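Here are some notes for a colleague on the structure shown below. They are set out as numbered points, each on one topic.

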Amino acid sequence: MKLADRYNRVNLITALIVLLITGIIYYVVIHFIFTEKLDRDLTVEEDEIKQYVATYQKLPLPASFLDQQVQYKLLNRDDKESRFFKNTTYYNSKEKESEPGRSLITTLVQGNNLYEVTITKSRLEADDLVQIILLITLGVTCLLLLSLILINRFVLKRLWMPFYAILEQMKAFNLVKMSEIKLNSTDVDEFKELNTSAVQMALRVRQDYKELKNFTDNASHEMMTPLAVINSKLDTLLQAGPITERQGVLMEDIYNAINRLTKLNQSLLLLTKIENNLISDVQLVDFREVITEKCRQFQEILKKENLSLNINLKPCEIEMSRYLADILLNNLLGNAVKYNHTKGFITINLDNDFIEIINSGKNFSLTDQHFDRFFKSASSEGMGLGLAIIKQICTLYNFSVTYSFFQENHCFKVLFKN
Amino acid sequence: MKILIVEDELSLLDSMLTYFTEVGNICESASTYLAASEKINLYSYDCILLDLGLPDGEGLNLLKELKKLKKNDGVLIISARHSLDDKLSGLDLGADDYLVKPFHLSELKARVAAIVRRKKFDGNNVITFNEISVDITKMETSVKGQIITLTKKEYDLLIYFLSNKGKVVTKNAIAEHLWGDEMDISDDFDFIYTHIKNLRKKIIEAGASDYLQSVYGIGYKFGNV
């Protein structure tokens, strides 16, 4: 639920409740005031009648005025005197209809007779007035409420614009691409603060990220010299004189370990370089040519593993680094060979906007995790960086790489154009 | 040949010196920019092995100095940085080759030998070892004057062995030399074995002695037995 909606809802409900309560209070109070006034009028009338009786020693004529009726009724001598107000009906002779009325019923002594006097006044006018006042008040309040909602809807949207602008930027923020968050111009203090905080956070994150990358870069480079020393010492040791077979095996293991460490370092450096977009030999790469060359290079291994190779090449030229194109294909093909079984097959389909490498292999599907650094299956002999490098290269050039598994075949597809 | 090794990592320098020191080679070393600069001003070398990261100066500047002195010394850059830009700027400044740390000493020697051969080229570029001779320009191998046909890999292998006569060359080094980066696909060295077997067979069949020795499964040694 959006903030504005939630705010509107709370606003509306509160306004409605307040309106209802004030409406009721308003109605009751006005009603009370009018009844008071009517009662006062009735009392005045009563006084007049009593005065008339005192002056003329007879009852005035039961008269019907425009909005007032007086009626007399002879009571028994024993009846008690009483006086009270009552809501009754009033017959309007002019309109010939009954209207709500207010009556004062009182007793009067004239000579030896006790009379009950009923003075009735029409309540219609008062009620009408109350209704009109109530309607006007309601109308005005509804109008106010409506305008409030409209203001909220449109003004709030405008007011929140800087917020959404910042939000958009934060969503688009990409650490790898080193995107920046720009300072939006706004007069609202809160948004200003949010903006500067976002900008500062992005700066700090980028700084940290850069440091981390620099660390990887430096660490990998610094490792190369000691590795070179170990390697050269082994080479020297090997020349030093006769060695036993056992020593030979040990030395070979050391060589292999150095080899792996070197490759690992180089892969890490390559990843950092791709991330920093430091590889600059961008050119139009003819994939058909590169694949043909790669297949020639892989020929020996394919023959040894008894793998059959099917290639369907269509013209495909992509603007990218020649070096990275080479690595991309090397890794894709290398994986297809490495995770294959003897007498398996590899199919390479090249179209003008995608390359697809399908190979037979072990019967389990890879997951997205395989694209993470250093993630490898239990059976994998690699370092777990091959797919990470593929992914990184694809990210750099906005290619999309997908993996699918069907009928024991693994298929990697790189879409060059999105 | 006369070689200058410029390297600040002393133990590495020591290994390189040991490997290159043999009959007919004069090896000198410098571990700082200043010492190296002094040496290249005073003497001429067939090949200079230059480490780029020196403590007191940028190795690339030595190349500029060489250029200023109009010397024709061969230069092989050794760098810890696998950087295309470094490589290109080094080669632009007149370096002959670029090798990334860590490396096999046999690879270094093969490359230095290639540089020296190129620099000394006088129309007659032939490596001779007893009855075997290889004409680099024509890419022809002959045994006792009789030309034998080698594949590209066998030819590369022979040159590599000839550059490292009398040294034990490991299978890792050979694999890296022949296949480069593709080799990480397969860690077993059966490929090498096949090529070496074929090369050896061809040379022996042409009437040469067997100069190739296997060294306890770790590598091979080519030289007089």
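1. Which residue follows H7(A), and what is its phi? The residue is A:Asn398, and its phi is positive, near 60°. Please keep in mind throughout that this is a predicted model.

2. Helix H7 of chain A, which spans residues 386-396, is mostly covered, since eight of its 11 residues are buried. The buried residues are A:Gly386, A:Leu387, A:Ala388, A:Ile389, A:Ile390, A:Gln392, A:Ile393 and A:Cys394. In chain A they pack against two helices, H4 (245-275) and H6 (322-338), and against two strands, S10 (400-406) and S11 (409-415).

3. Two of those partners, S10 and S11, also belong to an open sheet of five strands in chain A, whose order is S6-S8-S9-S11-S10 and whose pairing is mixed. Strand S6 (308-313) and strand S10 of chain A each have a single partner strand and stand at the edges, so one side of each has no neighbour in the sheet. From one strand to the next, the twist averages 10°.

4. At the S6 edge, S6(A) pairs with strand S8 (residues 345-351) of chain A in the parallel sense, over six bridges. Within this pairing, A:Leu309 has A:Ile346 of S8(A) as its bridge partner. Helix H6(A) packs on the sheet, where it touches S8, S9 (354-360) and S11 of chain A, and its direction makes about 15° with that of S9(A).

5. Between the two chains, 37 residues of chain A are in contact with 32 residues of chain B. On the chain A side, helix H3 (189-239), H4, helix H5 (287-305) and H6 each supply at least two of the residues that touch chain B. The largest share, 13 residues, comes from H3(A). By residue type, the side of chain A that touches chain B divides into 15 nonpolar, 13 polar and nine charged residues.

6. In chain B, the unreviewed UniProt entry carries the annotation "modified residue: 4-aspartylphosphate" for B:Asp51. This residue lies in strand S3 of chain B, which covers residues 47-51.

7. Is B:Asp51 buried or exposed in the model? B:Asp51 counts as buried because 24 other C-beta atoms lie within 10 Å, the cut-off for a buried residue being 20 or more. When its neighbours within four places in sequence are left aside, B:Asp51 is in contact with B:Val6, B:Glu7, B:Asp8, B:Gly59 and B:Ile78. A reader weighing the annotated position may therefore wish to take the record together with the buried setting computed for B:Asp51.

Definitions and conventions:
Residues numbered from 1 in each chain as written. Chains lettered and ligands numbered in written order. Predicted model: local features only at pLDDT ≥ 70, side-chain atom pairs only at ≥ 80, totals over all residues. UniProt positions renumbered as here; feature names shortened; annotations may be inferred. Helix = DSSP H or I, 4+ residues; strand = E, 2+ residues; numbered from the N terminus. Buried ≥ 20, exposed ≤ 12 C-beta atoms within 10 Å, placed from the backbone. Contact = placed C-beta atoms within 7 Å. Nonpolar A, V, L, I, M, F, W, Y, C, P; charged D, E, K, R; others polar. Pairing = 2+ DSSP bridges. Axes fitted to C-alpha atoms, helices over the stretch in contact; angles between N-to-C directions.
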